[in-house]
Amino acid sequence: MSKVLVSDSIDQAGIDILSQVATVDVKIGLKPAELIEIIGEYDALMIRSSTRVTQEIIEAGTQLKIIGRAGVGVDNVDVPAATRRGIVVVNSPEGNTIAAAEHALAMILALSRHIPDANASVKRGAWDRNSFVGAEVYKKTLGVVGLGKIGSHVAAVAKTMGMKLLAYDPFISTERAEQLGCQLVELDLLFQQADYITLHIPKTPETTHLINATTLAKMKPTARIVNCARGGIIDEVALAAALKAGKIGGAALDVFESEPLGESELRSLGKEVILTPHLGASTAEAQVNVAIDVAEQIRDVILGLPARSAVNIPGLGPDVLEELKPYMQLAETLGNLVGQLAGGRVEVLNIRLQGELATNKSQPLIVAALKGLLYQALRERVNYVNASIEAKERGIRVIETRDASIRDYAGTLHLEATGTLGTHSVTGALLGEREIHLTDVDGFPINVPPSKYMLFTLHRDMPGIIGKLGSLLGSFNVNIASMQVGRKIVRGDAVMALSIDDPLPEGILDEIIKVPGIRDAYTVTL
Ligand SMILES: NC(=O)c1ccc[n+]([C@@H]2O[C@H](COP(=O)([O-])OP(=O)(O)OC[C@H]3O[C@@H](n4cnc5c(N)ncnc54)[C@H](O)[C@@H]3O)[C@@H](O)[C@H]2O)c1
Ligand SMILES: O=C(O)CC[C@@H](O)C(=O)O
C-alpha cells in the first residue's frame with residue numbers, strides 16, 4: 001500500500017480521502033533534518049505553507065511521486081527540483097480564493113475603522129470614543145494590483161461598497177477589467193491616486209519589493225496598503241520607515257518576508273498597522289475545499305491517474321486534459337514508435353499537428369510525444385513532468401509545425417525523428433475519438449492499430465516476399481496477428497507492418513534482412 005506523509009495541519013476531509021488508497025501518517029512540526037530522515041518511505045507528501053520542501057528533501061524522497069500543496073502558492077516547494085525528479089507538484093488554485101479575498105476586504109475595513117485597537121482598548125477596560133475615529137471607504141479609490149482570482153473578487157465586493165476601482169495587471173485585458181468595473185491603469189498612476197492599495201499578485205523576481213521606498217514615496221500620505229498575497233512583495237523596512245515618517249496612512253499585512261514574523265519595527269507601530277499571522281486561507285470552508293481538492297489529486301496520482309491542477313505539467317489543466325487525453329495517448333505511442341524506428345540518439349523531433357489539432361494547445365502533446373520518445377532510454381523515470389527537461393538535457397531539438405487543413409481524419413499527428421542512425425517518421429490518428437491508428441510509416445500509407453509487439457520492414461514490393469517472411473517467422477515460432485503492406489507505387493518500395501503475438505526471438509532480424517528484397521527491418525515494443 002502507498003504511504004502519504006501529511007506534514008502540515010490539513011482538514012480531516014482530506015485525510016479521509018487519502019486513507020482510501022494509502023497509509024496516512026500525520027506528522028506536524030517536523031524539523032528539516034527529521035523530514036529528510038523519513039521522507040524516503042513516502043509516495044506522497046501533503047503540505048500547507050509551513051513545510052519548506054527544499055531540494056535536499058526532494059532528493060531524499062526517493063519514492064515520491066507527488067507533492068500536494070493545500071493552497072495556492074507553491075513558493076515553499078522547490079518546483080524545479082521536483083520537476084527534474086519527475087515528481088508532480090499540485091495545488092488548489094481556487095479552494096481558498098474567497099477566504100483570501102474576504103481577509104483582504106476585512107483588512108481594508110479594519111484599517112479604516114481601527115477595529116483591532118478599538119477592541120483591545122475596550123477589553124482593557126477603557127471606553128475611548130475619540131481615539132478611533134475612522135474613514136469611510138465609500139467613494140474612495142481602491143487600487144487593485146493583480147486582477148486574478150482573488151483580486152477580481154475583492155474588486156467586485158469593493159464595487160458594491162461604492163468604491164472607485166483602479167487596477168494594474170499587465171496580463172489582463174481592458175475588457176476583463178471593465179467587466180469588473182475597474183479602470184486598468186499604469187502602476188505609477190495607481191500609486192498616486194489610490195486611497196487603498198491591495199496586492200493580489202504572486203511573488204516573482206519582478207514583484208519582489210514592488211513596494212519599496214521609491215514606490216511608497218509616490219503614494220498619498222493617507223494611503224492604506226494591504227498585503228494578503230505574499231511576503232516580500234513589500235520591503236518591510238521601507239514600509240515601517242514610511243509609516244513612522246507619516247509618508248503613508250496605514251498598512252495591514254497577513255504575509256511577511258520571513259514567517260513566522262520575527263523581530264520587526266512593524267510590531268512597535270500603532271493603530272495604523274494591522275498584522276495577522278498568514279490567516280488569508282484560514283476559514284473552515286477554505287480548509288475543507290483545499291484539503292479535498294489536493295487529497296483527491298494525490299489519490300488519483302497514486303491510482304495512476306493524472307492530476308487536474310499540476311503546476312509543473314505545462315498547460316495540463318482539467319479542461320485541456322479532458323479534451324486532449326486521447327490525443328496525448330496517440331502522441332506518446334507515436335513518440336515511442338518513432339524513437340524505436342530511429343534507434344540511436346535522436347537529435348531533432350519534428351511534430352506536425354494537422355487538422356483540428358492545429359488549433360489546439362500543443363504543449364501537452366509535445367510533452368506526451370517526448371515522454372514516448374524517451375521511454376526506451378528512461379523507462380518509468382520519464383513522465384509528463386520531466387519529459388521536456390530530459391529531452392532538453394539530451395539536446396533533442398523540437399520543431400513544431402501546424403497545418404489546419406483536414407485530410408482523411410479530423411486530426412492527425414505526424415512525428416519525424418532524426419538521429420545518429422537516420423530519419424524515420426510516423427503519422428497517427430484517432431478512430432471514433434479514442435482508437436489509435438497508424439496511418440503512415442516513413443511516408444508509406446498504412447492503416448493499422450498499434451499492438452504491443454510489431455515488426456516493420458522496408459522492402460521491394462515483389463511477388464513472394466510476404467510468403468517468405470511469413471515462413472521465416474513461422475520457422476521461429478512467431479505468430480502473426482495481422483499484417484499490412486503500404487506502398488506508393490506498384491512494385492516500388494513498400495513498408496510492411498506486422499503485429500505479432502510475442503517479442504521477436506534474438507537474431508531473427510538479421511535473418512529477415514537476408515530475405516531478398518527486404519532492405520531493412522525494425523522490431524518495436526509499445
Ligand atoms: N494570504 C493567504 O493566505 C493567501 C491565500 C491564497 C492566495 N494567496 C496569494 O494571493 C496571490 C493571488 O492569488 P490568486 O489566486 O488571485 O492568483 P491568480 O493567479 O489568480 O492572480 C494573480 C494575478 O496577478 C497578475 N500578475 C502577475 N504578475 C504581475 C505583476 N508583475 N504585476 C501585476 N499583476 C501581476 C496575474 O496576471 C494574475 O491576474 C498569490 O500570491 C497567492 O499565493 C495568499
Ligand atoms: O496554507 C495556508 O494557510 C496559506 C495558504 C495561502 O498562502 C495560499 O497560497 O494558498
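**Pockets, cavity and ligand sites of the predicted model**

The second largest pocket holds about 940 Å³ of space. Of its 32 lining residues, K371, E380, V382, N383 and Y384 are the closest to its centre. In this analysis, a 1 Å grid was laid over the protein atoms alone; a pocket is an open set of points with protein on both sides within 12 Å along at least five of seven lines, a cavity is a set of points where a 1.4 Å probe fits but cannot get out, and lining residues have an atom within 4 Å of a point. Grid points are joined across faces, edges and corners, and a volume is the space filled by probe spheres set on the points.

The structure is a predicted model, in which local features need pLDDT of at least 70 and side-chain atom pairs count only at pLDDT 80 or more, whereas totals for chains, interfaces and linings use all residues. Residues are numbered from 1 along each chain as its sequence is written, chains are lettered from A and ligands numbered from 1 in the order in which they are written, and side-chain values use heavy atoms, with hydrogens and water left out.

Helices α12 (284–302), α13 (318–342) and α14 (363–378) each contribute at least two residues to the lining of the second largest pocket, and α13 gives the most, with seven. Helices (H or I, at least four residues) and strands (E, at least two) are DSSP runs numbered from the N terminus. By class, this lining comprises 15 nonpolar, eight polar and nine charged residues. Here Ala, Val, Leu, Ile, Met, Phe, Trp, Tyr, Cys and Pro count as nonpolar, Asp, Glu, Lys and Arg as charged, and the others, Gly among them, as polar.

One cavity of 30 Å³ or more was counted. The largest cavity encloses about 50 Å³ and is lined by L341, H424, V441, D442, F456, T457, L458, V495 and Y522. Strand β19 (residues 453–460) gives the most to this lining, with three residues. The lining of the largest cavity divides into six nonpolar, two polar and one charged residue.

An unreviewed UniProt entry lists residues 454–526 as "domain: ACT"; positions from UniProt are given in the numbering used here, feature names are shortened, and annotations may be inferred rather than shown by experiment. Over residues 454–526 the chain is 22% helix and 42% strand, with the end C-alpha atoms 8 Å apart.

Ligand 1 has 25 residues around it, of which K149, I150, D169, I201 and D254 come nearest; a residue is near a molecule if one of its heavy atoms lies within 4 Å of it. Thirteen is the number of nonpolar residues in this shell, beside eight polar and four charged ones. Polar contacts are pairs of N or O atoms within 3.5 Å; within protein, one must be able to donate a hydrogen and the other to accept it, and residues adjacent in sequence count only if both atoms are side-chain atoms. An oxygen atom of ligand 1 lies 2.9 Å from a polar backbone atom of I150, and a backbone N or O atom of A281 is 3.2 Å from an oxygen atom of ligand 1. The protein buries 86% of the 870 Å² that ligand 1 exposes when taken alone; accessible areas come from the Shrake-Rupley method with a 1.4 Å probe, and for residues only the protein chains shown count as cover.

Ligand 2 is surrounded by R48, S49, R69, G71, V72, G73, N96, R230, H278 and A281. An oxygen atom of ligand 2 lies 2.5 Å from a backbone N or O atom of V72, and a polar side-chain atom of R230 is 2.6 Å from an oxygen atom of ligand 2. Taken alone, ligand 2 exposes 300 Å², of which the protein buries 93%.
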